[in-house]
Amino acid sequence: MNLMLFLSRGMMQLAGKLAPPSRNGWKAAMQGEFAAIQEEGRALSWSAGCLGAALGWRIARETPFMAAVILASAVAYLAYMALFWMTDYAVGDSLSLMMWRQQACIAAVCLICSLAWPRRAAFIALAIPLSFGGGAFLQFVWNDVLTPRAAYPGYHAGSAWYSAFSAVVGEVWPGAAGALAGVFIARAWRRAAMSRRSGAGLP
């Protein structure tokens, strides 16, 4: 199999996966047209066009969800800042207590989002913590790992990577815990609803 044919088939498969269920008819028609194309160059351009169309539909479909995730991350950050200004700034709480409050806000928001989208809990568990505070945490990790050696005489690359890894775990685990709890609650609610429907003799 040559490279152009390999790329064409790969793009068609990806387009089929990205296309929403409402476009199944289009997907079948495009796959049929692709199978009938003999020229490799035309097959490549056809598959690229199909991929572009499928990607556009997927983006349009996912926009409300992505907007909700961005809004949820902003809400978590604002909640943390409200707690900070009401308590930490006034009484000078320890750094560990500040971190716990930040993690509690992240976990709560991830739980709520996973209740609404339990099948996307894994994405929620990563996206909200890592975008918390407008991505300031990712900037911290980036700067910590890439700190110039000359700036700190005792700098060691291994310790910087370990520090960055520890920081990532410290940020992501509350999101993962909240998302996992949301999935369990959503499933419990679903089972309870199905039991009630079965008890009432409903389909």
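How much space lies in the largest pocket? In this predicted model, the answer is about 180 Å³. The lining of that pocket brings together Pro118, Arg119, Val183, Ala186, Arg187, Arg190, Arg191 and Met194. Sorted by character, these residues split into 4 nonpolar and 4 charged, with no polar ones. The charged part of the list includes Arg119 and Arg187, while Val183 and Met194 are among the nonpolar residues.

Stepping back to the whole chain, the fold is made of 7 helices and 0 strands. Read along the sequence, that gives the pattern α-α-α-α-α-α-α. Of the 203 residues in the chain, 31% are buried.

Helix H1 is a good place to start looking at how the helices are built. Helix H1 covers residues 3-18, which makes 16 residues. From the first C-alpha to the last, H1 reaches 22 Å, close to the 22 Å expected at 1.5 Å a residue. Its buried residues are Ser8, Met11, Met12, Ala15 and Gly16. Looking down the axis of H1, these buried residues fall within an arc of 140°, so they line one face of the helix. Turn to the other side of H1 and the picture flips: Leu3, Phe6, Gln13 and Lys17 are exposed there.

Next come the charged contacts. A search of the whole structure turns up 2 salt bridges, and Arg58, Glu62 and Arg120 are linked by such bridges in a network. In one of the pairs, the side chain of Glu62 meets that of Arg58, at 3.1 Å from N to O. Glu62 and Arg58 sit 4 residues apart in helix H3 (residues 40-91), so about one helical turn separates them. Glu62 has a relative accessibility of 14%, and because buried means under 20%, Glu62 counts as buried.

Glu62 also forms a salt bridge with Arg120, where the closest N and O atoms are 2.5 Å apart. Arg120 lies in the loop between helix H4 (95-116) and helix H5 (121-131), whereas Glu62 belongs to helix H3, so this pair ties together parts that are 58 residues apart in sequence. As for its surroundings, Arg120 counts as partly exposed, at 27% relative accessibility.

Two further spots show residues from separate stretches of the chain and the spacing between them. The first topic is Gly175, which lies in helix H7 (residues 157-199). How buried or exposed is Gly175? With a relative accessibility of 0%, Gly175 counts as buried. Its C-alpha is separated by 7.6 Å from that of Ile124, a residue 51 positions away along the chain.

The other spot involves Leu83, which is found in helix H3. Leu83 is partly exposed, with a relative accessible area of 33%. Between the C-alpha atoms of Leu83 and Gln102 the separation is 8.9 Å, and these two residues are 19 residues apart along the chain.

Taken as a whole, the predicted model shows a chain of 7 helices, a network of salt bridges linking Arg58, Glu62 and Arg120, and a largest pocket with about 180 Å³ of space.

Technical notes: Residues are numbered from 1 along each chain as its sequence is written. This is a predicted model: local features need pLDDT of at least 70, side-chain atom pairs count only at pLDDT 80 or more; totals for chains, interfaces and linings use all residues. Side-chain values use heavy atoms; hydrogens and water are left out. On a 1 Å grid over the protein atoms alone, a cavity is a set of points where a 1.4 Å probe fits but cannot get out, and a pocket is an open set with protein on both sides within 12 Å along at least five of seven lines; lining residues have an atom within 4 Å of a point. Grid points are joined across faces, edges and corners, and a volume is the space filled by probe spheres set on the points. Helices (H or I, at least four residues) and strands (E, at least two) are DSSP runs, numbered from the N terminus. The expected span of a helix is 1.5 Å times one less than its number of residues. Buried means under 20% relative accessible area, exposed over 50%, partly exposed in between (1.4 Å probe, protein chains only). The arc is that of the directions from the helix axis to the C-beta atoms. A salt bridge is a side-chain nitrogen of Lys or Arg within 4 Å of a carboxyl oxygen of Asp or Glu.
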